Amino acid sequence: MQLQAFVALLSLLGAANANPERHARLAKRQNAGAVVTVGTSSASSTSLSSSAPTTSFTSSTASALGSPVPTTPVGTTIPPLVNITSGMATPSTVPLSATYSAGATPLISGAPVLPTPFVFQAADWPTQDQIAPTDSDEVSEWMQELNGFNIPDITPTVDGTCVNDPAAAAEAASRGWWTCGGYTRVTDITACPNKLTWGVSFDDGPGFYSMELLDYLASKNMTSTFFVIGSRIVERPQVLVEEYMSGHEIAVHTWSHRPLTMLTTAQVVAELGWARKAIKDVIGVTPTLMRPPYGDIDDRVRAISLAMGMVPVIWTSTGTGATFDTNDWKVPGGDVTGPQSFATFEAILTNATTLNTGFVVLEHDLYAQTVDLAIGYTLPAAMNFTPTLTLDSIGHCNGIPSTNLYRESNQNTSFPYPNSTSGDTSVPSGSGGKGSTSATSGTLSNAIMPISMVVASLLAAGGSLLM
């Protein structure tokens, strides 16, 4: 099946399925789950430099369900933008707004009930924030998932950067290396298909301040995708539970947040596997989406991820090379100020209006500064932007049913991908298989695919549609 056919399939499925599933999710939730569509005049950088902006919000869906839009502002303690710096005072954390018992039923149809509350035992896990070791029984088992998939024989990079590995950088196109040149493949999700739709996501949590973000998102009837780190999950498992049970999408972001192209194949498997295990131990499900730290991915890492049943998700890049990275993660370290990060976001919104698709932006919920920027400035600015933007989670904006975001409830028999040696032409590029050639994992071609929705259509479709 050709690329155009997959994209057409995605559009049809999204139109047919988006509203019923959205209404079903809203019916199950009190405060979160609606797609947010708002539009007034955008605020200027000048007016935002001294105080947090006010946010207007409209949602016919919320009104129809009898859930009035909250009028009490959330995030009233957000500091002025100029004060969001590496040296800002540490604010108080927000407690959990709900607790869920073992056996509680998630919002995902067909998903298992919540497991017994997680209790961290250090001896059962890799050292936090260190590259996960490869000499465990767990990693040996996960390595078997690569059987039947052709993992390209690409030498690991020195440290995941271009400057310290000029030889690898010179081969970036053939490697499909995103870090050096922004190369993506048709198996990457890099945007939402509909123009002016922002696929909202946050990385690196669960953090100390994630609950403040969750409260804000709930007050705006908004859902997001959280790319979570294993080392943080075992510290704050109940925050992950609240994210999941509130209807947000959960995806893998590795165990220790290292550039994946610098790791051996076994180390990549360990990093993905331990994060995946932490998620399942806490909430009972296994995500089918992942995001490589720093966006550092090449065809070898892609093949490993896909073989383990996870589709890579990266933030949007324009044809001119601009990436939709707010640089909020640089504020806590003092490399960027709050006003500079917000100015970058304003430029992202301007660039987004030039795209024929929607977009995905890189933001984080690990630090107070990044959460303050999100709930005080970037999210309100997007909700008050002209032209009107639609804010949604990444899976949902791509028409992927919530059931297909987790392996236990997945209803698509074509995902995870079968071995392409079967000759099944529905298997997408990069799915591996012995029929692939080595340099670029077979049909992972050298063509640059800045924005592709093929994988989203596969995840959204029923297996019978693709066979």
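## Helices α7 and α9

In this predicted model, the axes of helix α7 (residues 210-219) and helix α9 (residues 237-245) come within 10 Å and cross at roughly 15°. Angles under 35 degrees count as roughly parallel, and α7 and α9 are therefore described as roughly parallel to each other. The crossing of these two helices, α7 and α9, is left-handed.

The residues that meet here are Ser210, Met211 and Leu214 on the α7 side, and Val239, Glu242 and Glu243 on the α9 side. Sorted by class, the residues of this contact between α7 and α9 divide into three nonpolar, one polar and two charged.

## Helices α9 and α10

Helix α9 also meets helix α10 (residues 265-283), and the axes of this pair come within 9 Å and cross at roughly 75°. Angles of 65 to 115 degrees count as roughly perpendicular, and α9 and α10 are therefore roughly perpendicular to each other.

In this contact, Pro237, Leu240, Val241 and Tyr244 of α9 meet Ile279, Val282 and Ile283 of α10. By class, the contact of α9 with α10 is made of seven nonpolar residues, with no polar and no charged residues.

## The nonpolar cores

Which residues touch the most other members of the largest nonpolar core? Of the 100 residues in that core, they are Tyr244, Ile283 and Leu379. Tyr244 and Ile283 also appear in the contact between α9 and α10, where Tyr244 belongs to α9 and Ile283 to α10.

Leaving aside its neighbours within four places in sequence, Tyr244 is in contact with Pro106, Ile108, Ala111 and Leu114, and also with Ile250, Ile283, Val285 and Tyr406. There is, in addition, a second, separate core of five residues, and among its members are Ala168, Ala172, Trp177 and Cys180.

## A buried helix

Is helix α11 (residues 299-307) largely enclosed or largely open? Nine of the nine residues of α11 are buried, so this helix is largely enclosed by the rest of the structure. The buried residues of α11 include the charged residues Asp299, Arg300 and Arg302, as well as Val301, Ala303, Ile304, Ser305, Leu306 and Ala307.

The elements that cover the buried residues of α11 include two helices, α6 (172-175) and α10, together with the strands β5 (289-290) and β6.

## Cis peptide bonds in two loops

A cis peptide bond joins Gly205 and Pro206, with omega at about 5°, and Pro206 is found in the loop between β2 (197-203) and α7. Another cis peptide bond joins Thr386 and Pro387, and here too omega is about 5°. The place of Pro387 is in the loop between α13 (368-383) and β8 (389-393).

## Positive phi outside glycine

Thr254 has a positive phi of about 80° although it is not a glycine. This residue, Thr254, is found in the loop between β4 (249-252) and α10, and Thr254 is buried, with a relative accessible area of 0%.

Asn327, which is not a glycine either, has a positive phi of about 60°, and Asn327 lies in the loop between β6 (311-312) and α12 (338-352). Is Asn327 buried or exposed? Buried means under 20% relative accessible area, and Asn327, with a relative accessible area of 18%, is therefore buried.

Conventions. Residues are numbered from 1 along each chain as its sequence is written. This is a predicted model: local features need pLDDT of at least 70, side-chain atom pairs count only at pLDDT 80 or more; totals for chains, interfaces and linings use all residues. Side-chain values use heavy atoms; hydrogens and water are left out. Axes are lines fitted to C-alpha atoms, for helices over the stretch in contact, and angles run from 0 to 180 degrees between N-to-C directions. Helices (H or I, at least four residues) and strands (E, at least two) are DSSP runs, numbered from the N terminus. Angles under 35 degrees count as roughly parallel, over 145 as roughly antiparallel, 65 to 115 as roughly perpendicular and the rest as oblique. A crossing is left-handed if the near helix is turned anticlockwise from the far one by less than a right angle, and right-handed if clockwise. Contact means heavy atoms within 4.5 Å. A nonpolar core is a set of buried Ala, Val, Leu, Ile, Met, Phe, Trp, Tyr and Cys residues joined through side-chain atoms within 4.5 Å. Buried means under 20% relative accessible area, exposed over 50%, partly exposed in between (1.4 Å probe, protein chains only).
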